[in-house]
Amino acid sequence: MAEQDQRISETVNREHARLRNFIRRRVPAPRDAEDILQDVFYKLVEANRLLMPIEHVTGWLFRVARNSITDLFRKKKPESFSDTAVANEDELLQLEDLLPSPDAGPEALYARSLLLDQLELAIAELPEEQREVFVAHELEGRSFKELSAESGVNINTLLSRKRYAVLQLRQRLQNFYDEFSRK
């Protein structure tokens, strides 16, 4: 049990700052962000106590955080895709802004499922360099500085790759949404 506690403690210390930054970029209220962070670590402890095997702890933590963020936004009414206003080209798509509310009935759940599938496909179709930067920054919450140090690629190049990925995803998802909404 002490060894298990030590592993949990090491994981919390190692991932705390990255996970907090990841959540804070997606959750506007600091109190909500802190609640989600604590909830994620609670679920880690709970999973370890129940002897649930977690192969990739970092990925698991970020997945739990994303799910918790999604749950938070489900409680609030998200904007519809057509109402989403983009202030500038570097602003990121917010996933909940793109998806129909899961509380809006079976048709909305179906549309939501299709959009998530399209998002997964769109990410998979990105050029490898763009996909790697987008996934690392947006889904894993890693900083451009960290990515640059790790890969040896200039930060401006990484920013550019992500910008092109975001633009391509926007276009792809907008086209899908337009097509879907005509049906």
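1. A salt bridge here is a side-chain nitrogen of Lys or Arg within 4 Å of a carboxyl oxygen of Asp or Glu. Five residues are linked in a network of such bridges: R18, E140, R142, E146 and E150. Keep in mind that this is a predicted model.

2. How many salt bridges does the count come to? By this rule, eleven. Side chains of opposite charge can pair when their charged atoms come close.

3. Take R142 in the network. Its side chain meets that of E150 in a salt bridge, with 2.3 Å from N to O. R142 also meets E140, at 3.7 Å from N to O. Both distances pass the rule, because the cut-off is within 4 Å.

4. Are these partners buried or exposed? R142 counts as buried, because its relative accessibility is 11% and buried means under 20%. E140 is partly exposed, at 31%. E150 is exposed: its relative accessibility is 58%, and the cut-off for exposed is over 50%. The R142–E150 bridge therefore joins a buried residue to an exposed one.

5. Now a separate pair. R172 forms a salt bridge with E125, and the closest N and O atoms are 2.6 Å apart. Which parts of the chain does this pair link? Distant ones: R172 lies in helix α8, residues 155-182, and E125 in helix α5, residues 106-125. The two residues are 47 residues apart.

6. R172 itself is partly exposed, with a relative accessible area of 24%. That value falls between the cut-offs for buried, under 20%, and exposed, over 50%.

How values were computed:
Residues are numbered from 1 along each chain as its sequence is written. This is a predicted model: local features need pLDDT of at least 70, side-chain atom pairs count only at pLDDT 80 or more; totals for chains, interfaces and linings use all residues. Side-chain values use heavy atoms; hydrogens and water are left out. Helices (H or I, at least four residues) and strands (E, at least two) are DSSP runs, numbered from the N terminus. Buried means under 20% relative accessible area, exposed over 50%, partly exposed in between (1.4 Å probe, protein chains only).
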